[in-house]
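This report describes selected local features of one protein model. It considers a single serine and its surroundings, then enclosed and open spaces, and finally the cysteines.

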Amino acid sequence: MAHWADETAQQILDRYGDRDVYTVASGVSPSGVIHMGNLREVLTPFFVVKALQDKGKKVRFILSFDEYDRLRKVSTDVEKVAPEFYKYIGAPYTSAPDPFGCHASYGAHFEQPLLDSLKTLGVDIEVLHQTQKYTSGEYTDGIIRAIQQRKKIYDIQYSFKTQDANEQDREKYYPIEIYCEKCGKDTTTVTAEHNNGTVLDYTCKCGFSGSIDLRTQHHCKLPWKVDWPMRWAKEGVMFETGGRDHSSEGGSYQVSSVIAREVYGVEPPVYRMYDFVKLKGQTKKISSSAGVGDMRPEVMLHVYAPEVMLWMYNRFLPEKEFELALDSDVLRTYHEYDRMYQKYKDGTAGDVEARIMQLSLAGKPTDYVPVSASLIASFAPIVNFDIDMLVDLLNKCGEKVTKEQIKDRFECIRFWMQNYCPDQIARLLPQKNEDFVSTMSDEEKGWVRTLVDSIKSKNLSTTEMQTLLYDIPKLNGEENKQRQKRFFEVVYNLLLGKNQGPRLYLFLSAVDKGSYLHLLDV
């Protein structure tokens with residue numbers, strides 16, 4: 001059994017044979033905030049690219065920003081800052097200004113965070129800006145071919161529909177979206193063609209009437225199901241992915257595949273569907289127009305280290321939906337990652353597990369050693385997120401870590417705890433918890449006094465401290481789970497004001513006893 005990326009790479013090699021360069025494509029529309037679901041559009045082919053490169057192949061990996069598409073709706077995020085933005089509906093994303101005032105256009109505003117995130121993830125990709133591609137005239141031949149074969153395209157599209165084609169509609173059908181010379185919007189209708197389809201007359205809802213010579217004027221674009229195969233032919237695409245919506249029966253990929261063969265004379269690329277990525281607890285698909293909250297790569301990369309992010313996206317088959325967490329499951333995710341990484345390092349991982357780690361660790365040094373995220377989460381708040389003090393504390397626990405080694409994961413856990421799980425932050429109380437002391441039984445106070453006397457009398461090792469903590473609440477020399485649980489709760493409440501906290505034996509061994517013994521004075 002092979003990793004899905006290697007299987008896909010082999011399909012490409014079987015289809016296309018030996019080539020100088022293999023072109024792998026992805027595409028994203030900057031219609032709004034680019035979210036973690038959109039990221040799968042880029043990372044799925046990225047892993048296939050890595051698989052091809054590992055086979056010694058040269059790959060051209062391209063990302064098209066579909067920024068010459070029309071603005072269809074105003075997202076809730078934009079509406080809050082620019083309620084008048086509806087006036088740009090119908091114009092290209094790159095013709096509408098940045099409503100937030102920090103980039104050259106609406107499209108550029110939503111593109112840049114993705115590009116920054118891809119750089120963080122180590123994704124090397126060639127970016128194609130579709131506004132430049134269209135307005136430079138690079139697609140002129142493909143556009144004219146679509147107009148000249150417009151009736152064939154109409155028939156192809158209707159072959160996938162349940163309703164019958166209409167001859168009158170067929171005669172009027174033009175697979176083109178013209179941006180009006182006057183208002184700049186695509187609210188236009190073609191009324192006639194001349195010179196073998198190279199010149200089109202059109203009218204616009206704004207009242208303007210004019211003509212466009214497709215050979216010299218380029219304020220137009222093809223609709224998606226025609227645009228996609230035209231680009232396959234133009235760029236020589238050999239592999240591309242698409243979301244579930246494009247991959248359904250009679251969906252964009254099937255329709256575009258027929259148009260590719262019958263209009264542009266090329267075979268569609270090897271294709272693989274990818275499913276949704278959701279935030280744990282959400283039931284709806286992420287929507288850029290409705291707002292994506294924190295499900296943005298630039299936010300999630302403050303929570304998950306790059307190698308962990310790559311691991312999450314390549315360990316599942318693309319066709320399998322998966323969830324991302326921002327609750328306590330963040331620590332579970334890091335733990336699962338570390339467990340597979342350790343198997344990979346000690347040679348006990350299976351072939352697929354080993355490949356998952358190889359694809360996740362691109363760019364990481366070979367001596368990379370992760371430090372437990374749970375351990376960081378337990379002790380970082382105790383030292384008020386001071387990384388130098390944390391390193392000292394962890395070394396007292398026997399971790400043998402350096403600041404350089406821990407800093408990336410430390411920053412992720414710090415950001416996560418402070419922004420998403422502040423309730424998990426456990427700090428020593430500033431003064432004795434008198435309210436809790438008043439609820440303690442005499443036996444419980446005796447437990448704590450025994451603990452204090454033992455800690456004061458000598459410096460215990462972590463092993464000795466662990467043994468002590470389990471010996472104190474024994475009943476007639478026998479362990480009792482309820483008494484043990486209560487003892488830990490008592491100590492945590494006296495130290496932190498909570499029923500639970502970091503591993504107690506490590507905490508009491510590593511933290512300067514002078515900082516907490518007064519809290520245990522009962």
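Contact here means that heavy atoms lie within 4.5 Å of each other. The model is predicted, and the values below are computed from it.

**Surroundings of S360**

By this criterion, and with neighbours within four places in sequence set aside, S360 is in contact with E307, L310, W311 and N314. S360 belongs to helix α15, which spans residues 351–360. Its relative accessibility is 1%, and S360 therefore counts as buried, the limit for that class being under 20% relative accessible area. Two polar approaches involve its side chain. One is a polar contact of 2.9 Å between the side chains of S360 and N314. In the other, the S360 side chain reaches the backbone oxygen of I356 at 2.7 Å. N314 thus appears both in the list of contacts of S360 and as its side-chain polar partner.

**Cavity and pocket**

The structure holds 1 cavity of 30 Å³ or more. The volume of the largest cavity is about 30 Å³, and its lining consists of D66, D69, Q130, Y134, K221, D227 and R231. Helices α5 (130–135) and α9 (224–235) each contribute at least two residues to that lining.

The second largest pocket has a volume of about 300 Å³. Its lining comprises 13 residues, and those nearest the pocket centre are S378, Q424, Q500, G501 and P502. Helix α16 (residues 373–379) gives the most to this lining, with 3 residues.

The table sets out both linings by residue class.

| Space | Nonpolar | Polar | Charged |
|---|---|---|---|
| Largest cavity | 1 residue | 1 residue | 5 residues |
| Second largest pocket | 5 residues | 5 residues | 3 residues |

**Cysteines**

How many disulfides does the structure hold? The number is 0. For C180, the closest cysteine sulfur is that of C204, at 3.7 Å; this is too far for a bond, because a disulfide requires sulfur atoms within 2.5 Å. For C220, the closest cysteine sulfur is that of C180, at 13 Å, which is also too far for a bond.

Are C180 and C220 buried or exposed? C180 has a relative accessible area of 3% and is therefore buried. C220 has a relative accessible area of 2%, so C220 is buried as well.

Key: Residues numbered from 1 in each chain as written. Predicted model: local features only at pLDDT ≥ 70, side-chain atom pairs only at ≥ 80, totals over all residues. Heavy atoms only, no water. Helix = DSSP H or I, 4+ residues; strand = E, 2+ residues; numbered from the N terminus. Buried < 20%, exposed > 50% of the residue type's maximum accessible area, 1.4 Å probe, protein only. Polar contact = N/O pair within 3.5 Å; in protein donor to acceptor, adjacent residues only side chain to side chain. 1 Å grid on protein atoms, 1.4 Å probe; cavity = no way out; pocket = protein on both sides within 12 Å on 5 of 7 lines; lining within 4 Å. Points joined across faces, edges and corners; volume = space filled by probe spheres on them. Nonpolar A, V, L, I, M, F, W, Y, C, P; charged D, E, K, R; others polar.
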